[in-house]
Every structure is written in C-alpha cells, then in structure tokens.
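Visitor: I am new to this structure and would love a close look at one part of it. Could you walk me through it slowly?

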Amino acid sequence: MEFRGTTICAVKRDGVTAIAGDGQVTMGETVILKNNAVKVKKIYNDKVVVGYAGSVSDAFSLSEHFEEMLQKYSGNLMRSAVELAQLWRNDKLPRKLEALLIVADKDTMLIVSGSGEVIDPSEGVCAIGSGGNYALAAARALLKETELPADQIAEKALKIAGELCVYTNDHITVEVIK
C-alpha cells in the first residue's frame, strides 16, 4: 500500500522565498492516515528549505540523497541538484524514486525529481504534488494581482488547493528563507 497525498508550493518575492506544504498523508485512494505531517523543513544550517511530495518512503529517500549532495558541495544548491540527477543518469542509484522535491536557498529555487530531472521554475513560483496545479494557478494569480509577501501567497495558494483537491488539507507548514 502506498502512502501519498500532499501539495507543496514555493513562492519567491522581494528577496524572500517561502515554501508551504499541507499535512495530509493518504493510504491508497480512500483513507487519510495522518492529517498533520510536516513535509517542509529547513536544512543545511537553516540556509536551504525543502518540501517533498510523492510516495512517502521515496520522498524521504530523495530528500536524504539531496542533503548528502548539499553537504558534499558546501551548500551549492544547483550543483547539488545536478550531481544528484547525474547519479540516476549514470545508473549509480538503484531505482527511480516516485517523489519530487522543491528546494530553495536565498538565490535559487528548483524542482528535483526522483528520476533525475532538475527544473528551474519560471516566474518565481512552483508547486508539486496532488494539488500542485491548483496551488500553482492560485500562487501565480496572487503574485500578479496582489502585493502580498511570499509566505502569505504560498499559504493562501495551499488553502485554495485544499478546497479543490481531496488529497490536500488545511494543516499548513510554511518555511521562509530571506
């Protein structure tokens, strides 16, 4: 049985990056196993924030691999993500992971997949997970049409996604990097 269900949204505005994540973990298609999981955290001496979505065990594994690369490359976010992706491309990691990460530091925001992709999102906003498209649309609209700070946009986008996606709830964690 797979444990899934989350939405992560990241917003960059005015030198501040915020990543918000909901707390729902779903078992299969019908059972909410947990409603207050924390899937957003600061790492690397609180200089990097990461949010993860996908299969729970795969998301933990992907996050751990990324943290190892971050340590190896002295906190260089882009280099860490690219080197991690190359491990899959060179078949040095045993399998593809069914998970995605959003990682950000004060300068860079990336989406990292468990199959070796690294995406530099445009417009200072991105989202992943079951309600990711809803959160992305909401965050883009809020970014363009309001003067709200990054953390409020990310949180409001998650709340909107939670109104539309049955795998997203309103127990929201927000972490900020300035």
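Which residues does Asp 58 touch, not counting residues up to four places away in sequence?

Guide: Happy to help, and please keep in mind that this is a predicted model. Leaving out residues up to four places away in sequence, Asp 58 touches Arg 95, Leu 97, Glu 98 and Ala 99. You will find Asp 58 in helix α1. Its relative accessibility is 5%, so Asp 58 counts as buried, the limit for that word being under 20%.

Helix α1 also leads us to a pocket. The second largest pocket has a volume of about 150 Å³. It is lined by 15 residues, and those closest to its centre are Val 25, Lys 39, Tyr 52, Val 56 and Phe 60. Two elements, β7 (48–54) and α1 (56–72), each give two or more residues to that lining. By kind, the lining divides into eight nonpolar, five polar and two charged residues.

Just ahead of β7, there is a residue to pause on. Asp 46 sits in the loop between β6 (40–43) and β7. Most residues other than glycine have a negative phi. Asp 46, which is not glycine, has a positive phi, near 65°. With 52% relative accessibility, Asp 46 counts as exposed, because that word applies over 50%. Asp 14 can be looked at in a similar way: its phi is near 55°, again a positive value in a residue other than glycine. Asp 14 lies in the loop between β2 and β3, and at 74% relative accessibility it counts as exposed.

The strands β2 (7–13) and β3 (16–21) bring us to helix α4, since they are among the elements that cover its buried residues, along with α3 (132–145). The buried residues of α4 are Ala 150, Ile 153, Ala 154, Ala 157, Leu 158 and Ala 161. Viewed down the helix axis, they fall within an arc of 135°, so they line one face of α4. A general rule helps here: an α-helix has 3.6 residues a turn, so residues three or four places apart point the same way.

You can check the length of α4 too. At 1.5 Å a residue, its 15 residues should span 21 Å, and the end C-alpha atoms are 22 Å apart, which agrees. The expected figure uses one less than the number of residues, because that is how the span is defined.

One residue of α4 deserves its own look: Glu 155, in this helix of residues 150–164. Glu 155 is partly exposed, with a relative accessible area of 31%. Setting aside neighbours within four places in sequence, Glu 155 is in contact with Ala 20, Ile 172 and Val 174. Between Glu 155 and Asn 169 there are 12 Å in space, C-alpha to C-alpha, and the two are 14 residues apart in sequence.

Let us finish with α3. Its 14 residues should span 20 Å at 1.5 Å a residue, and its end C-alpha atoms are 20 Å apart, which agrees. In α3, the buried residues are Gly 132, Ala 135, Leu 136, Ala 138, Ala 139, Leu 142 and Leu 143. What covers them includes β2, β11 (125–129) and α4. The cover therefore runs both ways: α4 is in the list for α3, and α3 is in the list for α4.

How values were computed:
Residues are numbered from 1 along each chain as its sequence is written. This is a predicted model: local features need pLDDT of at least 70, side-chain atom pairs count only at pLDDT 80 or more; totals for chains, interfaces and linings use all residues. Side-chain values use heavy atoms; hydrogens and water are left out. Helices (H or I, at least four residues) and strands (E, at least two) are DSSP runs, numbered from the N terminus. Buried means under 20% relative accessible area, exposed over 50%, partly exposed in between (1.4 Å probe, protein chains only). Contact means heavy atoms within 4.5 Å. On a 1 Å grid over the protein atoms alone, a cavity is a set of points where a 1.4 Å probe fits but cannot get out, and a pocket is an open set with protein on both sides within 12 Å along at least five of seven lines; lining residues have an atom within 4 Å of a point. Grid points are joined across faces, edges and corners, and a volume is the space filled by probe spheres set on the points. Ala, Val, Leu, Ile, Met, Phe, Trp, Tyr, Cys and Pro count as nonpolar, Asp, Glu, Lys and Arg as charged, and the others, Gly among them, as polar. The arc is that of the directions from the helix axis to the C-beta atoms.
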